[in-house]
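Please open the model in a viewer and follow the stops below in order. Each stop gives a selection and then describes what is found there.

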Amino acid sequence: MKGRVEMRLAKRSDLPRVLEICAATVAIMCEEGLHQWGDNYPLEADFVRDIERRELYVQEQGGAVLGFVCINRDQSPEYRLVDWKTGDGCLVLH
């Protein structure tokens, strides 16, 4: 695959590929004994919400979506214990 690798905000038209990547990731995680993701999470509705909030980004090369990441301020409770120097917490990559 040729072309520059770029990040951009995800669109609804990216959902089929995002879900395909997610399913492949879940399968690999399960093979490795990691059951953090499964049938109940993440769901298509989670990705739709991320797109609507403008928090889901896709990595694209030559018009093909290679991966995705959600970037927001939704933190695990443990993160709230950190004395962030930014004053308002941190951005979290999901």
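A residue is called buried when its relative accessible area is under 20%. In this predicted model, 31% of the 94 residues of the chain count as buried.

**The whole chain.** Begin with the C-alpha trace, which spans about 45 × 30 × 25 Å along its principal axes. Coloured by secondary structure, the chain shows two helices and four strands, in the sequence order β-α-α-β-β-β. Of the contacts with a separation of 6 or more, 51% join residues 24 or more positions apart. Switching to the surface gives an accessible area of about 6800 Å², with 53% belonging to carbon and sulfur atoms. Selecting the charged groups brings up 12 positive and 16 negative charges, whose mean positions are 8 Å apart.

**Helix α2.** Next, select residues 44-52, which form helix α2. Which residues of this helix are buried? They are D46, F47, V48, D50 and I51. To see what covers them, add α1 (15-31), β2 (56-61) and β3 (64-72), which are among the covering elements. Just after α2, stop at R54, where phi is positive, at about 60 degrees.

**The aromatic pairs.** Now display the aromatic side chains; the whole structure holds two aromatic pairs. In one of them, W37 and Y41 meet edge-to-face, with 6.4 Å from centre to centre and 80 degrees between the planes. W37 is buried, at a relative accessible area of 18%, whereas Y41 is partly exposed at 43%.

Then move to F47 and F68: their ring centres are 5.3 Å apart and their planes stand at 85 degrees, so this pair is edge-to-face too. The pair links distant parts of the chain, as F47 belongs to helix α2 and F68 to strand β3, 21 residues apart. F47, already met among the buried residues of α2, has a relative accessibility of 5%.

**The cysteines.** Finally, select the cysteines. How many disulfides does the whole structure contain? The search finds zero. Why is C30 without a bond to C22? The closest cysteine sulfur to that of C30 is in C22, and at 11 Å it is too far for a bond; a disulfide requires sulfur atoms within 2.5 Å. C70 is likewise in no disulfide, with the sulfur of C22 the nearest at 12 Å. The surroundings can be compared in the viewer: C30 is partly exposed at 34% relative accessibility, while C70 is buried, with a relative accessible area of 6%.

Conventions
Residues numbered from 1 in each chain as written. Predicted model: local features only at pLDDT ≥ 70, side-chain atom pairs only at ≥ 80, totals over all residues. Heavy atoms only, no water. Buried < 20%, exposed > 50% of the residue type's maximum accessible area, 1.4 Å probe, protein only. Contact = heavy atoms within 4.5 Å. Areas by Shrake-Rupley, 256 points an atom, 1.4 Å probe, with all protein chains shown as cover. Lys, Arg positive; Asp, Glu negative; His and termini not counted. Charge placed at Lys NZ, Arg CZ, Asp CG, Glu CD. Phe/Tyr/Trp six-rings, centres within 6.5 Å; stacked < 30°, edge-to-face > 60°.
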